[in-house]
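Reader: I'm new to reading protein models. Could you walk me through how the labels get decided?

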Amino acid sequence: MPAGTFIYGVPGSPARHVYSSAAELNAPLHGELLCCSHQPPLRVPMATAATSTPAAWQPTLVCATLTARVPREMAAEVDAAAALGADVAELQVGCLDGFEPRRDLPVLLAQPHPLPVIVSYRPKWEGGQYAGEDEPRFEALLLAMELGAEYVDIEFEVVDKFMKFLSGKKPQNCKLIVSAYDYESTPSVNELLNLVAQIRTTGADIVKILTTAADIVDASTMFQVLAHCQEKQVPIIGLVMKEQGFISRILCAKYGGYLTFASLEKGKESAPGQPTVSDLINKYKIRLIGPDTKVFGIIGNPVSHSKSPIVQNQAFRSVGFDAVFLPFLSDDLVKFLSTFSAPDYAGFSCTMPHKETALRCCDDVDPIARDIGAINTIIRRPDGKLVGYNTDYSGAISAIEDGIRASQPTDSTTSPLAGRLFVVIGAGGAGKALAYGAKEKGARVVIANRTFARAQELANIIGGTALTLSELENYHPEEGMILANATSVGMHPNVDEIPLSKEALKSYAVVFDAVFVPRETRLLREAAACGATVIDGLEMLIRLVMVQFKLFTEGMTAPEKLMREAILTKTH
């Protein structure tokens, strides 16, 4: 098809109308867009694609994907999905051991069933279990229709063959989902819109496209496709698989996705990156997400351990703030921020390894964050400018001060850090915040780092001393020292690691660990056994997320009790 060609028509009809110029496109259109040879301009760019609610807007459905091996167990899973709050259940009948359609489908589709169901019978060449010929599979799907299945899912590659097999026998009350999977990549917006157009010509009631993420920015490609289909009122399921595409499974609700898939529980996922029904409904509040919902999140690698989504989402809802907080798995902060540049992407928490890079990404930086040389919070102003802050500083230092005050006699007129020897392990973003904060409170600061040059650089900036990690093992110039671990050593899953030996810990009166998963790290256990006062990373997290909440919500008071309970009750 020549570049710049657009084909319009009526889905399922052989009639087509070809337009090859912008002038012709301005003429009355015959039917709807079916295919194009380059990406058609979205009437609303992605940056504002979901800022006004169309009249035909429908909430995204939550579909529980069921993979039990026995029919009665799968039927029981439908009941369980309904109890969890799912809207639809997908019966992946190819997972059933020795599946016999005429024996098993009546059990699965016995009326009344508690939820509308999708029956899928995926062949191996499309990621399923079925290895036989097409006709027996088609017969099973037709039987499912006749027994009252509300939806049947068929692959785009064989849909023409399936429609010929049906010969008009599809019941009116059964919707046909025509699906296409890409297990290797996420094609361009242009390619995906062409695929949508081709699927529409088959007579599909609902288009389904699942792609695979190589990078989180692939999700933005799918969002543009969803926004275009929402504008054209084309029902579409558009998701991006793998952890990098996780956000598509939630934010599809912002861009008009027909439904999103979820597992009944962890360990029962049918595709990589699939959340649970409970997480979608309770953790991410997907039913409250709409076109005007603001998006916040934590950017880093790893991020799956983060407690921030649980805490911030609960806090947002408690004050009636229309927003969602997500984990953004990204190795490239610059690329992420330039891709998700819409005003609705209003703020971010930055974690490892982006805290120093974030400083260079912001248009304006809070003076304290600039002095520290690291940022953990980014706010997008209405004019699009990015402003950087550091809440690690106040969160960590106040947690350490409160921990000391609660366990040791202190002078209430000065900081309990004043005059103390304060040893920081790590010279990254968190280490800089701790070193800067301790110095501001009057402590004598020592920096130890795996790369000695970085320790020297930070020590020179704050007027401290630098050590290698091997030197730190034998460093005990005085009693009553304070140790702060600002590295990821000991973080889940590497829970047996420790940044300093138990013998060396005997010289410290106070030990703080910025790691909070697990809450009690090996470092804290061994320090406590040596008689030290220990302060865990959750205390820092509670404080810093409260400051971030205020920044995200433009000054709302953080619900401290709720946020503290959310963090403490959701900790491993």
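Author: Sure, let's start with pairing: two strands pair if DSSP finds at least two bridges between them. One thing to keep in mind is that this is a predicted model. By that rule, six strands form an open sheet with mixed pairing, in the order S13-S12-S14-S16-S17-S15.

Reader: What makes S13 and S15 the edges of that sheet?

Author: Strand S13 (323–329) and strand S15 (364–365) each have a single partner strand, so one side of each has no neighbour in the sheet.

Reader: How do you know that S16 and S17 are joined, and which way do they run?

Author: Pairing takes at least two bridges, and strand S16 (residues 377–380) has four bridges to strand S17 (residues 386–389), so they pair. The two run antiparallel. Arg380, for instance, sits opposite Leu386 in S17.

Reader: And what makes S8 and S9 a pair?

Author: Same kind of check: the cut-off is at least two bridges, and five bridges link strand S8 (residues 175–181) with strand S9 (residues 206–212), so they count as paired. These strands run parallel. Ile177 has Ile206 in S9 as its bridge partner.

Reader: Where do S8 and S9 come in the order of their sheet?

Author: They belong to an open sheet of eight strands with parallel pairing, ordered S10-S9-S8-S7-S6-S5-S4-S11. Its edge strands are S10 (236–241) and S11 (259–263), each pairing on one side only. On average, neighbouring strands here are turned by 25 degrees against each other, ignoring direction.

Reader: On to helices. Why are H2 and H3 called roughly parallel?

Author: Angles under 35 degrees count as roughly parallel. Helix H2 (residues 71–84) and helix H3 (residues 101–108) pack at about 25 degrees, with axes 9 Å apart, and therefore get that label. H2 passes H3 in a right-handed crossing. Pro71, Arg72, Met74 and Ala75 of H2 touch Asp104, Val107 and Leu108 of H3. Those contact residues divide into five nonpolar, no polar and two charged.

Reader: Why are H20 and H21 called oblique, then?

Author: Helix H20 (residues 537–552) and helix H21 (residues 560–569) pack at about 135 degrees, with axes 10 Å apart. Roughly antiparallel needs over 145, and roughly perpendicular is 65 to 115. The pair's angle fits neither, so oblique is what's left. Their crossing is right-handed. The contact includes Leu538 and Phe549 of H20 and Met563 and Ile567 of H21. In total, its residues divide into nine nonpolar, no polar and four charged.

Note on methods: Residues are numbered from 1 along each chain as its sequence is written. This is a predicted model: local features need pLDDT of at least 70, side-chain atom pairs count only at pLDDT 80 or more; totals for chains, interfaces and linings use all residues. Side-chain values use heavy atoms; hydrogens and water are left out. Axes are lines fitted to C-alpha atoms, for helices over the stretch in contact, and angles run from 0 to 180 degrees between N-to-C directions. A crossing is left-handed if the near helix is turned anticlockwise from the far one by less than a right angle, and right-handed if clockwise. Contact means heavy atoms within 4.5 Å. Ala, Val, Leu, Ile, Met, Phe, Trp, Tyr, Cys and Pro count as nonpolar, Asp, Glu, Lys and Arg as charged, and the others, Gly among them, as polar.
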